[in-house]
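Dear colleague,

Please find below the structure that I am handing over to you. My notes on what was found in it follow directly after.

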Amino acid sequence: MQATANLPTIWNLSLRGSSSKVHIVNPRHRKSHALHCLRSEGHEEFDNSQKSLGQSSITKEAKHKDIWNLFREAQKNIMILNKQRLAAVDELEQLKKDKEELLERINQLEAESQIVIKKDKSSLFWELLLRIDSMVINGLVNIEEASSMRKLVKEHEANISVFPLDVLQQGDAEILAELRRFTNKGKRNGLHVIHICTEMAPLVSVGPLASYITGLSCALQEEGYMVEVILPKYSTLDLDEIEGLREIEADAYSYFDGQLHANRIWNGVVSGIGVTLIQPVYYSSMFSRDKVYGYQDDFDRFAYFSRASLDYIAKSGKQPDVLHIHNWQTAIVGPLFWDVFVNQGLEGTRILLTCQDFDKGLVPPEKLELCGLDPAELHRLDRLQDNTNPHFVNILKGGVVYSNKVVIMSSSHSSIPGLEPTLAIHKDKLFFAPFGMDNSMEKDLCCDLHRKTEIMTKVGQRDSPAKEEAPPATKKRFLTPGRFVTILCIINLINYVDRGVIASNGVNGSSKVCDAKGVCSAETGIQGEFNLTNFEDGLLSSAFMVGLLVASPIFAGLSKRFNPFKLIGVGLTVWTIAVIGCGFSYNFWMIAVFRMFVGVGEASFISLAAPYIDDSAPVARKNFWLGLFYMCIPAGVALGYVFGGYIGNHLGWRWAFYIEAIAMAVFVILSFCIKPPQQLKGFADKDSKKPSTSIETVAPTDAEASQIKTKTPKSKNLVVLFGKDLKALFSEKVFIVNVLGYITYNFVIGAYSYWGPKAGFGIYKMKNADMIFGGLTIICGIIGTLGGSYVLDRINATLSNTFKLLAASTLLGAAFCFTAFLMKNMYAFIALFAVGEILIFAPQAPVNFVCLHCVRPNLRPLSMASSTVLIHILGDVPSSPLYGKMQDHLKNWRKSTLIITSILFLAAIIWGIGIFMNSVDRSNEVSEDDEVEEDKLESKTENSTLA
């Protein structure tokens with residue numbers, strides 16, 4: 001038992017299937033086996049528990065992960081929902097905001113609609129008129145159509161409410177279309193009054209002038225007048241008071257200090273009154289200041305504004321009955337109007353000056369040049385020279401002298417201190433009104449004053465203010481501008497008849513020509529009698545150009561010292577004597593000398609006649625009148641062909657010259673007996689003992705007469721001044737290009753005019769070459785010259801448009817003439833050459849229009865003289881002998897004529913260059929008087945001598 005007990009006992013448990021067996025071994029083994037079993041069992045249980053725990057942990061972790069994923073997903077969904085909620089809130093806020101803005105816009109539109117509905121007739125009336133101004137400035141309508149529209153609106157004011165109000169919110173083109181459909185019902189009678197002033201309530205107010213302007217304008221409109229106001233656009237203006245304020249898109253230019261400057265134009269309505277605001281572009285600081293008055297450059301500022309106002313009125317085509325100016329600030333309008341603007345469609349306008357402020361506006365005389373006035377003409381005691389300070393000009397005095405009526409408003413003065421002598425002279429135009437009178441009295445007085453001005457307008461008074469004092473029995477002048485221009489045209493015709501006569505076969509003739517059989521033709525005319533070669537014959541035709549070369553500049557210079565029209569008479573006298581001498585000539589040299597003096601006689605006429613026509617012609621027909629004058633060139637040459645051929649064959653070539661002289665003698669006498677209806681612009685009246693002016697006054701008082709200085713004759717520096725004028729003329733690039741084209745053009749015309757009949761006879765064996773060429777030239781010349789001037793008037797006669805016409809007509813004319821001379825058939829030649837001549841003669845008036853308008857008025861005679869000298873000395877003077885020399889060499893009339901015709905293409909190219917140049921019409925500029933410059937030169941000389 002003991003041994004058994006000591007044996008290890010081993011428990012061996014095994015599970016096999018469904019049975020189990022227990023093996024008992026040594027006790028020691030059983031003990032160790034038991035321990036082993038316990039350990040094994042414990043390990044198994046631990047492993048099992050560990051496994052169960054691991055599996056549980058994995059399950060929980062998976063569940064935790066799933067929960068976390070769900071949480072994250074939910075959080076994302078919540079964030080998305082939150083964003084959507086915020087977006088919905090923002091969208092809702094935006095919808096509310098849009099709703100509020102829409103309601104606000106609806107209210108605004110309703111308010112604007114109510115404003116438009118509540119607009120009175122005056123506001124609508126002025127909005128239409130000011131939009132018409134905008135149409136003119138922008139080029140939608142011309143001045144004539146604008147005047148018709150203004151008249152229509154003025155007559156229609158009583159029924160203005162029928163005009164569609166919504167159209168006023170649209171562009172100028174829509175308003176223009178509606179105006180053209182506007183019916184003519186209610187009519188308005190009354191004057192058109194424009195205030196040019198510096199204040200207007202409630203826009204800008206410094207003194208009593210502001211309320212006076214507004215009150216008077218409203219009162220006059222109640223009387224049936226049409227009243228508008230032009231103001232500077234101050235930076236301090238209360239623009240909220242202006243209804244329908246709008247800017248005209250195009251700039252309006254005005255003259256100041258030698259140049260043209262752009263202005264911005266604004267239109268609107270204040271208290272039912274049309275208002276125009278002028279804002280300088282270059283001189284923008286003039287009215288961008290804290291105060292209205294009180295600056296050292298006040299004269300410059302208000303002179304600029306006054307000139308810009310008149311330039312705007314003229315450009316927009318307005319034709320007011322009354323220009324109402326106020327105090328010295330706009331008193332300069334009076335001299336500007338009568339010296340510069342009265343002939344720019346404003347012949348029926350009158351000037352009314354109101355003086356509330358007795359400040360005189362004293363400035364040095366040279367300041368007048370800034371706005372285009374001539375100090376030498378106005379710095380005189382009977383004009384603007386101050387009565388107490390003779391070295392200054394008095395602007396307020398100028399307003400008194402140059403106004404038709406003057407109102408002096410003062411409660412304590414019955415005159416203007418310092419202007420007593422002037423007011424005594426002009427007492428018939430004065431009205432006195434106290435400051436303290438009530439509105440009704442003021443309205444009655446001013447309305448009565450305007451009615452008096454209306455009477456002057458209705459009776460057709462067109463002269464300057466003082467001429468209303470002329471005796472009623474004064475007879476109407478016989479020499480009207482139309483008759484005067486007719487006389488000039490006839491003189492020009494006779495001049496060019498002489499050109500045709502010397503070229504005609506009947507007078508010029510031909511030398512003896514023998515054929516192969518020895519049969520010789522008879523010698524005829526000048527060439528046959530004096531046995532001249534073609535080259536000598538060509539020199540004879542051009543001999544008078546030597547006289548032109550020398551005399552033209554001389555006559556142009558003398559026109560500043562002597563009466564220009566009397567100089568024409570002197571020149572015509574020389575011409576007549578020289579033509580008679582041609583008839584008495586007995587050799588080549590004698591007739592050549594007399595032909596030179598014929599050129600001397602023509603020099604005075606060609607330099608001065610065109611400027612007279614340019615000044616006398618109406619603005620709308622200026623080119624047509626010039627066309628009539630230059631039509632006499634082809635007509636005269638053609639008539640000379642016919643006249644010379646007939647007289648030479650029947651009475652002999654000498655009688656052609658005698659008859660010419662007799663015809664011209666009549667006009668020589670007339671030139672010394674008549675006075676032109678208008679003084680040449682830019683020149684003083686040299687026959688008058690007192691300097692010329694645009695107005696006449698009654699005799700000055702003894703006090704004034706004693707102060708008037710009479711100038712004694714002085715030796716003048718003519719050469720220096722002439723040199724200065726030449727330098728100024730040839731610094732004009734437009735003039736240079738125009739004359740270069742003219743030289744080339746005239747080179748061909750000169751050859752045509754002299755050799756045409758002979759070339760026609762030589763190429764086509766024309767039996768009556770003089771008659772055929774004469775007939776073609778007179779018919780085509782008249783059609784071409786008048787047609788060219790008519791087209792230029794129709795396309796708006798700017799310098800750029802003129803160059804377009806010159807280039808196009810010359811190019812086409814050259815093509816037709818070149819083709820004509822290629823034709824073998826005489827009738828085909830005549831047809832093509834006729835068309836070519838019409839086109840070639842079209843530039844006659846336009847080319848001279850450029851010469852007159854590309855320079856200042858006082859340079860026009862020199863411009864005409866210089867262009868004439870150059871086109872002859874470089875054009876037809878060499879062309880005739882060169883053509884003759886070429887024909888002597890080629891002995892082929894067709895080739896010679898084709899070569900000379902091709903030069904016309906070069907003329908077209910040169911004039912084409914002028915299209916692209918920056919050209920400005922300077923015909924209305926006013927330069928410093930030459931006598932003032934001479935005085936300065938003499939003063940320098942005297943000072944040098946004293947030194």
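Helices and strands in these notes are DSSP runs, numbered from the N terminus, with at least four residues for a helix and at least two for a strand. Please bear in mind that this is a predicted model.

**Backbone features**

With those elements in place, P202 can be assigned to the loop between β3 and α6 (208-222). The peptide bond that leads from A201 into P202 is cis, its omega being near 0°. Two further residues deserve a check of their backbone angles. S271 is not a glycine, yet its phi is positive, at about 55°. The loop that holds S271 runs between β7 (259-270) and β8 (273-280), and S271 counts as partly exposed because its relative accessibility is 45%. K891, also a residue other than glycine, has a positive phi near 55°. Its location is the loop between α30 (860-890) and α31 (893-901). With a relative accessibility of 67%, K891 is over the 50% limit and therefore counts as exposed. As background to these entries, most residues other than glycine have a negative phi, and most peptide bonds are trans.

**Strand β9 and its partners**

Strand β9 covers residues 322-326, and 5 of its 5 residues are buried. V322, H324 and H326 point to one side of the strand, while L323 and I325 point to the other, and all of them are buried. On both of its pairings β9 runs parallel to its partner: 4 bridges join it to β3 (residues 192-196), and 5 bridges join it to β10 (residues 350-355). In the pairing with β3, H195 has H324 as its bridge partner. In the pairing with β10, H326 stands opposite T354.

**Salt bridges**

The structure holds 11 salt bridges. One of them joins E228 to K318, with the closest N and O atoms 3.2 Å apart. E228 belongs to strand β4 (residues 226-232) and K318 to the loop between α7 (298-315) and β9, so this pair ties together parts that are 90 residues apart in sequence. Both partners, E228 and K318, are buried.

A second group is a network of salt bridges that links E377, R380, D382 and R383. Within it, E377 and R380 meet at 3.9 Å, N to O, and D382 and R383 meet at 3.5 Å, N to O. E377 and R380 are both buried. D382 has a relative accessible area of 17%, which is under the 20% limit, so D382 is buried as well. R383 counts as buried because its relative accessibility is 0%.

**Cysteines**

How many disulfides does the count give? The count comes to 0 disulfides. For reference, a disulfide is a covalent bond between the sulfur atoms of two cysteines. Among the cysteines, C197 counts as buried, since its relative accessibility is 0%. C582 is likewise buried, at 0% relative accessibility.

**Cavities**

Rolling a probe the size of a water molecule over the atoms shows where empty space is left. The structure holds 4 cavities of 30 Å³ or more, and the largest cavity contains about 640 Å³ of space. Its lining is made up of 46 residues, and those nearest its centre are Y496, R499, I633, I749 and S753. Which helix gives the largest share of that lining? It is α25 (residues 733-764), which contributes 11 residues. By class, the lining of the largest cavity comprises 27 nonpolar, 15 polar and 4 charged residues.

**A contact between distant parts of the chain**

D725 is placed in helix α24 (residues 718-730). At 9% relative accessibility, D725 falls under the 20% limit and so counts as buried. The C-alpha atom of D725 is separated by 7.9 Å from that of L862, although the two residues are 137 residues apart along the chain.

Yours sincerely

Note on methods: Residues are numbered from 1 along each chain as its sequence is written. This is a predicted model: local features need pLDDT of at least 70, side-chain atom pairs count only at pLDDT 80 or more; totals for chains, interfaces and linings use all residues. Side-chain values use heavy atoms; hydrogens and water are left out. Buried means under 20% relative accessible area, exposed over 50%, partly exposed in between (1.4 Å probe, protein chains only). Two strands pair if DSSP finds at least two bridges between them. A disulfide is a pair of cysteine sulfur atoms within 2.5 Å. On a 1 Å grid over the protein atoms alone, a cavity is a set of points where a 1.4 Å probe fits but cannot get out, and a pocket is an open set with protein on both sides within 12 Å along at least five of seven lines; lining residues have an atom within 4 Å of a point. Grid points are joined across faces, edges and corners, and a volume is the space filled by probe spheres set on the points. Ala, Val, Leu, Ile, Met, Phe, Trp, Tyr, Cys and Pro count as nonpolar, Asp, Glu, Lys and Arg as charged, and the others, Gly among them, as polar. A salt bridge is a side-chain nitrogen of Lys or Arg within 4 Å of a carboxyl oxygen of Asp or Glu.
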